[in-house]
Amino acid sequence: MDKLLIRGGRPLNGEVRISGAKNAALPELCAALLTAEPVTLTNVPRLQDVSTMLKLIRNMGVGADWSEDGTVRLDASTLTTPEAPYELVKTMRASVLALGPLLARFGEATVSLPGGCAIGSRPVDQHIKGLQAMGANIVVEHGYMIARLPEGWKRLKGARIATDMVTVTGTENFLMAAALAEGETILENAAQEPEIPDLAEMLIRMGAKIEGHGTSRIRIEGVDKLSGCQHQVVADRIETGTFLCAVAATGGDVVLRHGRADHLDAVVDKLRDAGATVEALDGAIRISSPGPAWKHLKAQTFRTTEYPGFPTDMQAQFMALNCVSQGASKATETIFENRFMHVNELVRLGAHIQIDGKVAVIEGVEHLSGATVMATDLRASASLVIAGLVAEGETVVDRIYHLDRGYDQMEAKLRGIGADIERVR
């Protein structure tokens with residue numbers, strides 16, 4: 001099992017290229033199921049979840065070619081079976097995104113209930129309720145969601161869908177299903193994360209009629225058929241934020257190519273309040289930090305919430321920065337339960353953190369000391385890498401298969417800007 005060996009204490013300087021967003025690429029791969037014409041996606045990150053999704057759609061009979069430059073060419077004209085089996089779905093929750101497109105185009109879909117990460121319950125009931133509102137008959141049997149159109153129906157029918165909670169993958173599923181539905185669909189309480197308008201723009205290139213994407217109310221007028229397209233996956237805002245926190249913690253001056261400051265307003269504001277300089281450039285972000293954080297940065301209290309608020313996927317990384325900044329701070333997690341599992345590992349490195357329900361109270365310390373720590377989920381592993389970059393001595397981060405699910409060649413990118421980090425097999 002791979003590990004990361006980090007020798008901390010070095011500032012980061014130079015340039016790093018931000019990869020495409022996994023959370024945009026996965027639904028966009030599924031969107032290719034909506035058409036029999038070729039679809040080309042560029043800037044697709046080389047990640048395990050992307051590989052799993054490609055394996056899933058290839059298993060359905062879809063042609064899929066993934067080039068070294070991050071270009072994926074898809075041909076769903078050869079799709080033979082609208083089914084996503086458990087053996088392929090169990091490692092990735094995003095596989096539920098195949099349900100809407102398959103049902104919309106073929107009138108049926110059989111998708112296993114997903115497995116995935118360990119940060120708490122993310123029920124698929126909202127997906128089922130929304131598609132049922134569009135007329136689908138859906139039953140859950142033997143661990144599978146089995147969806148069919150009513151007898152005599154050729155297409156789903158437009159509907160008003162108001163979810164009980166803001167759901168990103170639910171919004172994406174409804175967008176794709178509604179694109180081929182008969183009539184108008186209105187999505188109320190829609191997610192607003194940048195990955196949503198990116199998917200909508202891809203669907204519009206395919207011929208969909210969508211308005212309001214990027215707001216909480218999206219209107220879709222269904223069309224009879226969608227065509228192929230070429231689309232570039234939007235840059236990963238969470239990878240961007242992770243590197244911003246790493247530079248802030250260690251000190252240095254780094255330009256993040258393809259980074260979008262406007263997709264990270266809440267994080268950028270907190271970094272500036274802490275004392276780092278963050279500048280939006282044309283097609284990039286520049287961050288400079290006097291570092292090390294203990295001498296120059298002030299810890300910041302934050303509360304996670306839906307976009308455009310502070311993202312839950314940045315909670316662990318910013319907590320690592322707070323651990324080595326001046327003063328006390330609080331991190332309140334409102335989105336997922338079980339998302340403080342990185343705290344015990346940060347404490348092993350010398351951090352001072354106490355948990356009270358959904359609130360973590362952090363007291364900044366002058367030094368962290370290297371130790372062996374264990375990643376428990378994707379963003380937790382990123383926080384341990386940031387802490388290791390600051391810690392004195394050697395830090396070993398174990399179980400980095402979590403990291404590989406969401407970061408494209410993270411250690412190579414960090415080495416390119418001055419970190420002493422290597423993968424140990």
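User: What makes up the lining of the largest cavity, counted by class into nonpolar, polar and charged residues?

Analyst: In this predicted model, the lining of the largest cavity has 6 nonpolar, 2 polar and 3 charged residues. The residues that line the largest cavity are Arg237, Asp262, His263, Leu264, Asp265, Ala266, Val267, Tyr307, Pro308, Gly309 and Pro311. Glycine is put with the polar residues in this scheme, and Asp and Arg count as charged, so Gly309 belongs to the polar group, while Arg237, Asp262 and Asp265 belong to the charged one.

User: How many cavities does the structure hold, and how much space lies in the largest cavity?

Analyst: The structure holds 3 cavities of 30 Å³ or more, and about 60 Å³ of space lies in the largest cavity. The second largest cavity has a volume of about 40 Å³, and its lining, by class, has 7 nonpolar, 4 polar and 1 charged residues. Among the residues of that second lining are Ile161, Met165, Phe174, Glu188 and Asn189, and helix H6 (168-179) and strand S11 (184-188) each supply at least two of its residues.

User: Which helix gives the most to the lining of the largest cavity, and which of its residues are buried?

Analyst: Helix H9 (residues 265-274) gives the most, with 3 residues in the lining of the largest cavity. The buried residues in H9 are Ala266, Val267, Val268, Leu271 and Ala274, and what covers them includes helix H8 (237-250), strand S16 (277-281), S17, H10 and H11. After H9 comes Gly275, whose phi is positive, near 125 degrees.

User: Why is Gly291 called buried?

Analyst: A residue is buried when its relative accessible area is under 20%, and Gly291 has a relative accessibility of 13%, so Gly291 counts as buried. As for its place, Gly291 is in the loop between strand S17 (284-289) and helix H10 (293-296). Leaving out residues up to four places away in sequence, Gly291 touches Thr250, Gly251 and His296. The C-alpha atoms of Gly291 and Val390 are separated by 9.9 Å, with the two residues 99 residues apart along the chain.

User: What makes the pair of Phe302 and Phe318 edge-to-face?

Analyst: By the rule for ring pairs, the count comes to 3 aromatic pairs. Rings pair if their centres lie within 6.5 Å, and planes over 60 degrees apart count as edge-to-face. Phe302 and Phe318 are 5.5 Å centre to centre, with 70 degrees between the planes, so both values meet the rule and the pair is edge-to-face. Phe302 lies in strand S18 (residues 302-303) and Phe318 in helix H11 (residues 315-323), so the pair ties together parts that are 16 residues apart in sequence.

User: How do you know that Phe302 and Phe318 are buried?

Analyst: The cut-off for buried is under 20% relative accessible area. Phe302 has a relative accessible area of 3%, and Phe318 is at 0% relative accessibility, so each value falls under the cut-off and both residues count as buried.

User: Why is the pair of Phe310 and Phe318 called edge-to-face?

Analyst: Phe310 and Phe318 are 5.6 Å centre to centre, with 85 degrees between the planes, and since the planes need to be over 60 degrees apart, the pair is called edge-to-face. Phe310 is buried, and so is Phe318. Ring pairs link Phe302, Phe310 and Phe318 into a cluster.

User: Why do S6 and S8 count as standing at the edges of their sheet?

Analyst: The open sheet of 4 strands has the order S6-S7-S9-S8, with mixed pairing. S6 and strand S8 (137-141) each have a single partner strand, so one side of each is left without a neighbour in the sheet.

User: What are the senses in which S7 pairs with S6 and with S9?

Analyst: Strand S6 (residues 83-84) and S7 pair in the parallel sense over 2 bridges, and the bridge partner of Ala84 in S7 is Val111. S7 and strand S9 (residues 144-148), in turn, pair in the antiparallel sense over 5 bridges. Within that pairing, Ser112 stands opposite Tyr144, and Ala109 stands opposite Ala147.

User: What makes strand S7 mostly covered?

Analyst: Strand S7 (residues 108-112) is described as mostly covered on the count that 4 of its 5 residues are buried.

Notes: Residues numbered from 1 in each chain as written. Predicted model: local features only at pLDDT ≥ 70, side-chain atom pairs only at ≥ 80, totals over all residues. Heavy atoms only, no water. Buried < 20%, exposed > 50% of the residue type's maximum accessible area, 1.4 Å probe, protein only. Pairing = 2+ DSSP bridges. Contact = heavy atoms within 4.5 Å. 1 Å grid on protein atoms, 1.4 Å probe; cavity = no way out; pocket = protein on both sides within 12 Å on 5 of 7 lines; lining within 4 Å. Points joined across faces, edges and corners; volume = space filled by probe spheres on them. Phe/Tyr/Trp six-rings, centres within 6.5 Å; stacked < 30°, edge-to-face > 60°.
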